[in-house]
Amino acid sequence: MISYASTSPAIAALKDLDLRLRTWLCEKALPLWLQAGFDAQTGRFAETLSIDTAQAPESGIVRARVAPRQIYSLIEGAQIGYKGAVREQAHKGLCFYLDNFRDENRLAVNAVSWDGLTRDTTFDLYNQAFLIFALAHGRHAIPHRHADLLASADRTLLELSNKFAHPGGGFHEANPPQAPLRSNPHMHMLEACLAMEDAGGGMRWKDLADQIVTLALTRFIDPATGALHEFFALDWSLPQDASIQAVEPGHQFEWAWLLLNWAKRRGKTADVLPVATKLASLAEAYGVDPSRDAAIMQLHGDLTPCDKVARLWVQTEWLKAGIALADVQTGDKRDAAIASALRAGKALETYFDVPVQGLWRDKWLADGSFVEEPAPASSLYHIVCAISCLTSFVRKL
């Protein structure tokens with residue numbers, strides 16, 4: 001284990017949090033999921049693992065988002081200390097995913113049954129974002145196919161643009177178009193575009209990233225409150241029906257992190273920082289339940305609580321936003337961002353108190369109890385990304 005010299009109580013606490021989380025990830029979580037949650041014969045990732053026995057299901061479905069997230073988790077986990085056979089497993093997992101989770105147009109399907117005999121071919125823009133995300137990160141698993149993976153991502157984007165491009169920016173989610181439009185798939189498409197930039201993709205990915213950021217700044221964010229909404233009419237306006245307006249604290253945090261990531265690449269941090277700060281501060285002020293000190297799932301459009309369940313992934317996005325803000329600020333604002341990140345880290349670790357180390361709870365109810373259910377594989381991506389952001393920041397201190 002790595003030891004750090006502390007410079008202040010808050011920095012020392014942040015370094016301790018980083019060490020605990022990395023140790024848990026590299027020594028418990030990743031080894032467990034790659035033994036119990038990965039079929040080495042086929043390359044198939046499990047949808048869940050039993051919270052008590054770490055057993056994978058033998059029936060049911062596997063969602064299309066699972067494999068891209070697990071492939072990323074393997075590759076990024078190796079960057080922050082995991083010593084397992086990452087390339088071999090990510091390679092096999094990616095090949096299985098590309099062979100089984102795409103339709104005749106090379107777009108991602110929604111889910112595949114555990115036995116591989118049936119497929120849910122429903123189109124979801126969210127899944128296309130993670131297909132592109134997988135192709136971007138796949139270069140680490142299959143370096144000799146780097147050019148092929150980039151070309152495949154280009155073909156996916158061409159298909160999306162031909163069938164689903166929105167004249168006001170971004171994408172429709174049905175052909176012919178249907179309301180509501182959603183910001184969430186565009187958030188993950190932005191994430192995929194930035195990954196494609198890192199992978200050496202062409203200018204089309206930079207252009208699309210910029211287009212999505214413009215949408216976020218001009219359409220997704222309500223100028224009256226500064227909060228980013230989830231659902232929109234076909235012209236990207238907020239729906240008139242207040243009952244379908246929704247603000248998710250986790251997405252406020254996640255967009256804050258992503259916007260700052262984009263801004264640093266474009267030299268626009270000073271322009272974006274006030275927006276990101278507002279998103280994170282709103283989420284913390286209105287979306288963190290004081291009794292649990294955990295961020296909840298959803299607010300109404302007027303920022304009053306709607307869904308008080310505190311999901312694990314929301315805490316990871318809170319942590320990422322705190323770290324991203326600390327990374328670009330100084331003085332009292334930096335201290336406040338670090339304090340926020342520490343609160344998020346404390347909340348996150350609560351989910352890891354389970355019978356089998358390396359698994360997690362997912363849903364923390366308002367009464368203080370957790371839903372008894374298997375650990376979802378898809379959460380690992382959120383956890384790994386949060387730890388990666390924390391580790392990167394700590395290593396610069």
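Strand 5 (residues 111-113) and strand 6 are joined by two bridges and run antiparallel, with A111 of strand 5 finding its bridge partner in D120 of strand 6. Helices (H or I, at least four residues) and strands (E, at least two) are taken here as DSSP runs numbered from the N terminus, and two strands count as paired if DSSP finds at least two bridges between them. The model is predicted, so local features need pLDDT of at least 70 and side-chain atom pairs count only at pLDDT 80 or more, while totals for chains, interfaces and linings use all residues. Residues are numbered from 1 along each chain as its sequence is written, and side-chain values use heavy atoms, with hydrogens and water left out.

The pairing of strands 5 and 6 belongs to an open sheet of three strands in the order 4-5-6, with antiparallel pairing. Its edges are strand 4 (61-63) and strand 6 (119-120), each of which pairs on one side only.

Turning to the pockets, the largest one holds about 730 Å³ of space. On a 1 Å grid over the protein atoms alone, a cavity is a set of points where a 1.4 Å probe fits but cannot get out, whereas a pocket is an open set with protein on both sides within 12 Å along at least five of seven lines; lining residues have an atom within 4 Å of a point. Grid points are joined across faces, edges and corners, and the volume is the space filled by probe spheres set on the points. The lining of the largest pocket comprises 30 residues, with E76, W257, N261, S388 and C389 nearest its centre. Two or more lining residues come from each of helix 2 (66-79), helix 4 (125-141), helix 6 (184-199), helix 8 (249-266), helix 10 (312-327) and helix 12 (379-395). Helix 12 provides the largest share, seven residues. By class, the lining has 13 nonpolar, seven polar and 10 charged residues, where Ala, Val, Leu, Ile, Met, Phe, Trp, Tyr, Cys and Pro count as nonpolar, Asp, Glu, Lys and Arg as charged, and the others, Gly among them, as polar.

The second largest pocket has a volume of about 320 Å³. Of its 19 lining residues, R65, R69, Y126, R311 and W313 lie nearest the centre. Helix 6, helix 8 and helix 12 each supply at least two of the lining residues, and helix 6 gives the most, with three. This lining divides into four nonpolar, seven polar and eight charged residues.

Helix 11 (residues 331-350) has 20 residues and reaches 29 Å from its first C-alpha to its last. That is close to the 28 Å expected at 1.5 Å a residue, the expected span being 1.5 Å times one less than the number of residues. Its buried residues are A337, I338, S340, A341, A344, G345, A347 and L348; buried means under 20% relative accessible area, exposed over 50% and partly exposed in between (1.4 Å probe, protein chains only). These residues pack against helix 1 (9-36), helix 9 (269-287), strand 11 (294-295), helix 10, strand 15 (363-364) and helix 12, with contact meaning heavy atoms within 4.5 Å.

Some backbone details deserve a look too. The peptide bond from N175 to P176 is cis, with omega near 5°, and another cis bond joins A179 and P180, with omega about 5°. P176 is found in the loop between helix 5 (146-164) and strand 7 (181-182), and P180 also has its place in the loop between helix 5 and strand 7. A54, although not a glycine, has a positive phi of about 60°.
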